[in-house]
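Let's take a friendly look at how charged side chains pair up in this protein. Here is the structure to follow along with.

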Amino acid sequence: MSLIELLIGIGIVAILLTLGAPSFGEWIKNTRIRSTAESLQNGIQFARAEAVRRNSPTQFQLVTTPDSSCLLSTAGPYWVVNLPTATATSPAGACGAAISDTTSPYILQLSPVVSSTAQASIALSASQSVISFDGLGRQTASVNPLTPAAPLTINVTPSDTTTCLANGGTLRCLQLTVTTMGQIRMCDPSLASGSTLTAC
């Protein structure tokens, strides 16, 4: 192989990489949105399953940090599942407590919704920060804090929402919905409501 052939080969590879870079970047962003939505869905399903298994109310809450300075937030980026009781304190302000179903605030699981590498690029927007399930897997009013049972919607988007397909962009943003009967669903707001895919 001559030097000229080698340079031509390197040039072709460089051109292909340049053409493919935007698509690869878009794929990474879509993957982050999908993994964030799946983390939320898994957390909510875990809370519902624990409520049914224990035949006792269980709460899912979005919080700001994984330590004892945590606050409830409709933007996360962490979620915590706990058992609300008359003597339980709210996990808000106690997220640093040990995982235990015998000690207040009875935290069963704590997890980041958004990975640390993606927190700057992913945004959450929930209709409420707390959701509670009863022993039948349906929504019920939460105890601490007091929150009525209501349909929950969580939008998972890039920080710049103009890049969503629904807003004329190229990224597939997702939405999670939880009905008062406990049905958990992930959908795509950019699809028409009559679509056979996961339209909202």
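## Overview

Please keep in mind that this is a predicted model. The structure holds five salt bridges, and three of the pairs are described below. As a general background, side chains of opposite charge can pair when their charged atoms come close.

## A pair within helix α1

Let's begin with Arg54, which forms a salt bridge with Glu50. Their closest N and O atoms are 2.8 Å apart. Both residues sit in helix α1 (residues 3–54), and because they are four residues apart there, about one helical turn separates them.

The two partners can also be described by their surroundings: Arg54 is partly exposed, with a relative accessible area of 27%, whereas Glu50 counts as buried at 10%.

## Asp134 and Arg138

Another salt bridge brings together the side chains of Asp134 and Arg138, with an N to O distance of 3.8 Å. Asp134 is buried, at 17% relative accessible area, while Arg138 is partly exposed at 33%.

## A link between distant parts of the chain

Now turn to Asp188, whose salt bridge with Arg172 has its closest N and O atoms 2.2 Å apart. This pair links distant parts of the chain, with the two positions 16 residues apart in numbering: Asp188 lies in the segment after β9 (184–187), and Arg172 in the loop between β7 (152–158) and β8 (174–178).

Asp188 counts as buried, with 2% relative accessibility. Arg172 is partly exposed, its relative accessible area being 37%.

## A shared network

Finally, salt bridges with shared partners join Glu50, Arg53, Arg54 and Asp101 into one network.

Technical notes. Residues are numbered from 1 along each chain as its sequence is written. This is a predicted model: local features need pLDDT of at least 70, side-chain atom pairs count only at pLDDT 80 or more; totals for chains, interfaces and linings use all residues. Side-chain values use heavy atoms; hydrogens and water are left out. A salt bridge is a side-chain nitrogen of Lys or Arg within 4 Å of a carboxyl oxygen of Asp or Glu. Buried means under 20% relative accessible area, exposed over 50%, partly exposed in between (1.4 Å probe, protein chains only).
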